[in-house]
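Welcome! Let us take a walk through this structure by following its charged side chains.

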Amino acid sequence: MNGVPQPAVAGLNGDDPPTEAVIFDFDGVIVESADIKTEAFIALYKEHGAQAVAAAVAHHQANGGISRRKKIRHIHREHLGIGLNEDGLEALCQQFSRLVESAVVDCAAVAGAESFLAAHHRNLPLFVVSGTPHEELMRIVDRRRLTPYFTAVFGSPPEKPPTIRAILRQHGLAAANVLFVGDARTDYEAAAETGLRFIGRVAPGTASPFPAGTAVIADLTELSL
């Protein structure tokens with residue numbers, strides 16, 4: 001890939017190194033919340049007209065795993081010609097949170113997610129690394145009664161690579177023995193940058209955002225260690 005780092009190939013055939021830990025993205029990997037976030041961007045930008053809504057949705061969907069703060073700032077600057085100050089950005093982020101938090105708490109789990117967590121959390125460190133704001137993510141995980149399954153849960157900021165490096169360092173984990181399960185190209189790139197193995201979750205009926213040859217699963221019923 002023209003010198004760009006790539007994550008280690010993670011297959012499902014038992015030929016991989018021993019798995020010492022698993023890091024999950026949250027939206028689209030643990031819970032089926034992708035449409036909730038898209039609908040929130042539609043609601044946030046509908047007052048600016050159909051063209052702005054289309055641009056917002058396109059940017060959101062092309063940049064899965066990136067924090068909403070970055071997305072909103074970009075959309076306002078590039079598509080509305082509005083430079084947001086911190087107060088204005090924070091107000092929009094809070095509006096977005098009100099639109100999504102309870103819906104994400106109530107949405108369906110990705111098939112196999114809860115059974116995988118229940119089966120493995122006692123003998124394997126499991127982590128969440130997500131672009132969702134940290135405090136909001138912690139509330140959602142707690143309200144869904146998933147907190148006991150995870151060794152630690154991390155939202156944004158910071159971005160995913162520094163969080164992953166901190167996990168590896170603090171838990172004495174070898175990157176090659178840690179699996180990242182994500183559904184966005186940014187998850188793939190974070191795994192590549194930090195040396196993790198990677199498996200992509202591609203929901204049925206959606207196009208894969210990952211390079212050819214990336215190991216993918218339809219849901220977590222297909223994830224085995």
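A salt bridge here is a side-chain nitrogen of Lys or Arg within 4 Å of a carboxyl oxygen of Asp or Glu. Keep in mind as you look around that this is a predicted model.

With that definition in hand, start at glutamate 86, which forms a salt bridge with arginine 69; their closest N and O atoms are 3.1 Å apart. Glutamate 86 belongs to helix 4 (residues 86–106) and arginine 69 to helix 3, so this pair ties together parts that are 17 residues apart in sequence. How accessible are the two partners? Glutamate 86 is partly exposed, with a relative accessible area of 46%, and arginine 69 is partly exposed too, at 29%. This pair also has company: Arg69, Arg73, Glu86 and Glu90 are linked in a network of salt bridges.

Next, find glutamate 136 and arginine 68, whose side chains meet in a salt bridge at 2.7 Å, N to O. Since glutamate 136 sits in helix 6 (residues 134–143) and arginine 68 in helix 3 (residues 68–80), the pair ties together parts that are 68 residues apart in sequence. Both of these residues, glutamate 136 and arginine 68, are buried.

Our last stop is aspartate 25, in a salt bridge with lysine 160, with 3.2 Å between the closest N and O atoms. Aspartate 25 lies in the loop between strand 2 (21–24) and helix 1 (34–45), while lysine 160 is in helix 7 (residues 160–171), so the pair ties together parts that are 135 residues apart in sequence. Aspartate 25 and lysine 160 are both buried.

If you would like to keep exploring, a search of the whole structure finds 14 salt bridges.

Terms used
Residues numbered from 1 in each chain as written. Predicted model: local features only at pLDDT ≥ 70, side-chain atom pairs only at ≥ 80, totals over all residues. Heavy atoms only, no water. Helix = DSSP H or I, 4+ residues; strand = E, 2+ residues; numbered from the N terminus. Buried < 20%, exposed > 50% of the residue type's maximum accessible area, 1.4 Å probe, protein only.
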